[in-house]
Amino acid sequence: MPRRLVIVESPTKAKTIEKYLGEDYVVEASVGHIRDLPQKASQVPKELKDNQVVTGITKDFEAIYILDEDKKSTISAIRKQLKLADELYLATDADREGEAISWHLLQVLNPPKTMPVKRLRLGQITKSALQKAIAEPGELDTQLVEAQVARRLVDRLYGYPVSNLLWRKVAQGLSAGRVQTVAIRLLVDKEKERLLFIPAVFWDLDAVFRTRSGDTIETKLLGLGGQSVAQSKDFGDDGQLKKESAGCRVLTGDEANSLRDRFNSSSFSISSLEEKPYSRKPPIPFITSGLQQEASNRLGYSPSRTMRAANALFQKGYITYVRTDNYVLAPEAMQAIENLVLQRFGASEHAPRNFHALSGSAGGEHEPIRPADFVDPEEVAKKVGEDEKRLYDLIWKRTVASQMKPATGRTVIIEVEEDHADAARYQTRGTVIDSPGFMKVDPAGTKETILPPVTVGEPVEVAELKPEEHRTQPIGRYTEAGLIKEMEKRGIGRPSTYAAIIDRIQSAAYSFRKNKALVPTWTAFAVVRLMEEHFAHIVEYSFTKQMEDDLDQIAKGKRNGQQYLKEFWSGNGSKGLEGLLEAGLETIDPAQICRYPMPFGAGDRWKFRDEEVILRVGRYGPYLEAGEVRGNIPEELCPDDLDLKKMSEIMEAGARKDEPIGQCSATGKPIFIKSGRFGPYVQRGDSESDDKPEFASLLKDMEPQNVTTEIAIQLLQLKEGRLCGSTGEGEEIRVFNGRYGIYIKAGKETRSLTEDDDPFAVDEERCRALLAQPKQRGRAAAKPPIQTFEGVIELEGATIMIKDGRFGPYATDGETNATLSKDQDPEKISSSEAAQRILAKRERDAKKGKKKTKKKTGKKKTAKKKTAKKKTAKKKTAKKKTAKKATKKKSSE
């Protein structure tokens, strides 16, 4: 039997495939991409350095690829197996990126021309799917490879030079991207709407009525004397009634309270009872973006967390391929669902239907994301981690529900009317589900409101009246799920890129999360302003969609990739990106781009001490400026939370930086409260007149406005060490405010103070008692873990603990410590998330280990060379001395 080498992308996938293949197959993993464009100019081959438009792209718009440093050992291992093989099977993912990885593997491995090379495309990793793929192998899709290359190069042509421009004109460290920058624009445009929003104030008067049988009905006031009462939906963003709602009556507080008094003595009765049929359609199966949105809404997962769990489920053979935009289920899947529904719910609940593909893009050949063999969620839960378990349950329910009957029932509408010339009209609605249909398998969102039986004309009495003031709210910000939905709707990006884009805009100083919403920073405002004013067409939503369509045309062989890249860069009848960048470097004024008079938009300009207030985006973040006074804007202050009151607080704090709060009684130097990148601090001495001013951080819970001159002096004493006594051996005991908190020191011995100890008042007796206690290794040793997970499947049954450490909360399995990210709550993080942090840390440590080993090896070689040189020099010196002695001896003779 011939020996066959199968190459996949991930080690997990390799393990799953190995289970289904015989001894004649060897499975190796490339661990993702093996080659890419060089990251810096020094990595480009010398002969190509002068032949580039940007790093990694030649003037003929061809890619310059280099082998990833950490993949050399992987390729070496694959080459060894290739020498022993008779056939090569490329089984990387069946999408654009997977096709490119297979192409790169062929380029690097360069198998003998006589060796058969076959392409395996797996929509799911099951035994039957694998057997079918081996029986019907395909060829490498070179058009798909060309499309991937074109996308990679257009991303580099856009990303590198535009990022460089942002570094020069806005702030260092910023990045740009053809999809990323447009996604940021979506966030900024939404925030602008919020900043320009004017709230409207109105009152309502909800009522609870009691029927003759004693049941209660909660209702809303809809009208008075035939005139509709204004609700939130009737107002526009300018705080005024919309044109179509111009005839509405806007209740004031006085009117609402007056009506309450009137209604308490009025007579009410049921004026209308209407029943309408209710129907709710089954959901459609998941495509990539739909899964990300639903997991965000129902499980609270970020897109990247969803994709990690989904990829793990795919690689273990539990679900079909995870990057798809096709809704059409395969016939075998339809049959499997039918059998399952008939068995569990009966034939009456089965309603087969199939769905159209959203687009003809690269992912269109795949089915929607569904269970591979429809294994019961309870069985899968025993073999996977927490995130994978919950996601599989979601996918299983959604897929089965899509082939079941709609939920049907009745909607009942009851109206109550006042017996009065200016009659009040109240209304309530209730829903009753008679036939749950698909809700039997997926009841999420089911909510019945059962109303009591009533008849028209039946009198009811007022049980409760609730006058309440309301303010209209601005349009909501995008959540991660909402942003994905909007990008999908506008044709911006592709499902496979959404998770990475959302991660990038949060990690690149462009947005932060508040609850579930994505809030753009002022840096994002400056970047979008620069792009809109100088590169308007390339941040247009329609242009970005057209780019996606053009790249899809390249994938179908209908457009030449190199020609497209040339037109994008050099232009075709109009300026290309190169010309726009050259003009931008000359004309863009950073001071103007990063300057916003306040408040944002229309309205009377804010002033502080008779100076106009300007918001500026600086290299270290946004700040307010009025004349000579500056005040730093807190990092996570939402743009629409920057009101007149907050502005005054920030500017007052900024003014205090330049005005001393008092003078030091010992030195006579002025003392200031200042605010820096790492928070507020005190300073003794003027920076301009004092060569060496002294600094000290505030304690953890201190507010700058509460710091007096006396407290500032005490903080400065803590910096140097406040003397509070001595040990029995005569060593001084001092109290310090250190990097990790308050501690005492006597000689080489240190101990941390507890939260109950006052660092300004702790005495010698207390300090001696602390020094007598055994020393603990770090603060976390004295604290119980925040959470403990036992038998974590991702780490082969290990126990994970979430602890609070010196650098913040972290996850540990006893061997590897991994710090949690800022947006991960240590009390809510799941075992799967914790395991992923640990695995990622292990991978980083492994890479660092390789680099360190190479450096150490280099040092040893250098050391050996130096030692050898020294020995040679000593020998030469010894020979010279011997020769001199011999010469002297001869001359004396």
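This briefing walks through the confidence, cores, sheets and a few individual residues of the structure above. The model is a predicted one, with a mean pLDDT of 88 over the chain. Its largest nonpolar core has 85 residues, and an open sheet is built from four strands. No disulfides turn up in a search of the whole structure.

**Confidence along the chain**

- A pLDDT of 70 or more is reached by 92% of the residues, so please keep the two stretches below in mind as you look around.
- Residues 358–363 stay under 50 in pLDDT; the model nevertheless gives this stretch 16 contacts beyond four places in sequence.
- Residues 850–864 also have a pLDDT below 50, and the model shows three contacts for them beyond near neighbours in sequence.
- This second stretch falls within the residue range of helix 23, which spans residues 831–892.

**Nonpolar cores**

- Within the core of 85 residues, those with the most contacts inside it are Val170, Phe535, Leu624 and Leu642.
- Helix 5 (residues 142–169) gives this core its largest share, with 12 residues.
- Valine 170 touches Ala526, Val527, Leu530, Cys594 and Val617, once its neighbours within four places in sequence are left aside.
- Another core of 53 residues lies apart from that one; its members include Ile17, Ala133, Leu391 and Trp396.

**The four-strand sheet and its helices**

- Strands 28, 29, 30 and 31 follow one another in the order 28-29-30-31, with antiparallel pairing.
- The edges are strand 28 (722–726) and strand 31 (749–752), each of which pairs on one side only.
- From one strand to the next, the twist averages 30°.
- Four bridges connect strand 28 with strand 29 (residues 732–738) in the antiparallel sense; in this pairing, leucine 723 has arginine 734 of strand 29 as its bridge partner.
- Helix 21 (residues 709–720) packs on the sheet and touches strand 28 and strand 29. Its direction makes about 110° with that of strand 29.
- Helix 22 (residues 764–772) lies across strand 28, strand 29, strand 30 (741–746) and strand 31. It runs at about 75° to strand 28.

**Pairings of strand 15**

- Strand 15 (residues 459–471) pairs with strand 9 (residues 201–210) in the antiparallel sense, over 10 bridges.
- In this pairing, phenylalanine 209 has valine 462 of strand 15 as its bridge partner.
- Strand 12 (residues 268–280) is also antiparallel to strand 15, and two bridges join them.
- Here serine 269 stands opposite proline 459 of strand 15.

**Serine 831 and two cysteines**

- Serine 831 belongs to helix 23 and counts as buried, because its relative accessibility is 13%, under the 20% cut-off.
- Not counting residues up to four places away in sequence, serine 831 touches Glu386, Phe789, Val792 and Ile800.
- Cysteine 248 is buried, with a relative accessible area of 15%, and cysteine 638 is buried too, at 2%.
- A disulfide is a covalent bond between the sulfur atoms of two cysteines. The search of the whole structure finds zero of them.

**Backbone details worth a look**

- Methionine 598 and proline 599 are joined by a cis peptide bond, with omega at about 5°.
- Proline 599 sits in the loop between strand 18 (595–597) and strand 19 (607–608).
- Asparagine 110 has a positive phi of about 50°, although it is not a glycine.
- This asparagine 110 lies in the loop between helix 3 (96–109) and strand 8 (117–119). Its relative accessible area is 61%, so asparagine 110 is exposed.
- Phenylalanine 374 is not a glycine either, and has a positive phi of about 55°.
- The loop between helix 10 (331–344) and helix 11 (377–381) holds phenylalanine 374. With 11% relative accessibility, phenylalanine 374 counts as buried.

Note on methods
Residues numbered from 1 in each chain as written. Predicted model: local features only at pLDDT ≥ 70, side-chain atom pairs only at ≥ 80, totals over all residues. Heavy atoms only, no water. Buried < 20%, exposed > 50% of the residue type's maximum accessible area, 1.4 Å probe, protein only. Contact = heavy atoms within 4.5 Å. Disulfide = S-S within 2.5 Å. Core = buried A, V, L, I, M, F, W, Y, C linked by side-chain atoms within 4.5 Å. Pairing = 2+ DSSP bridges. Axes fitted to C-alpha atoms, helices over the stretch in contact; angles between N-to-C directions. pLDDT = per-residue confidence, 0-100.
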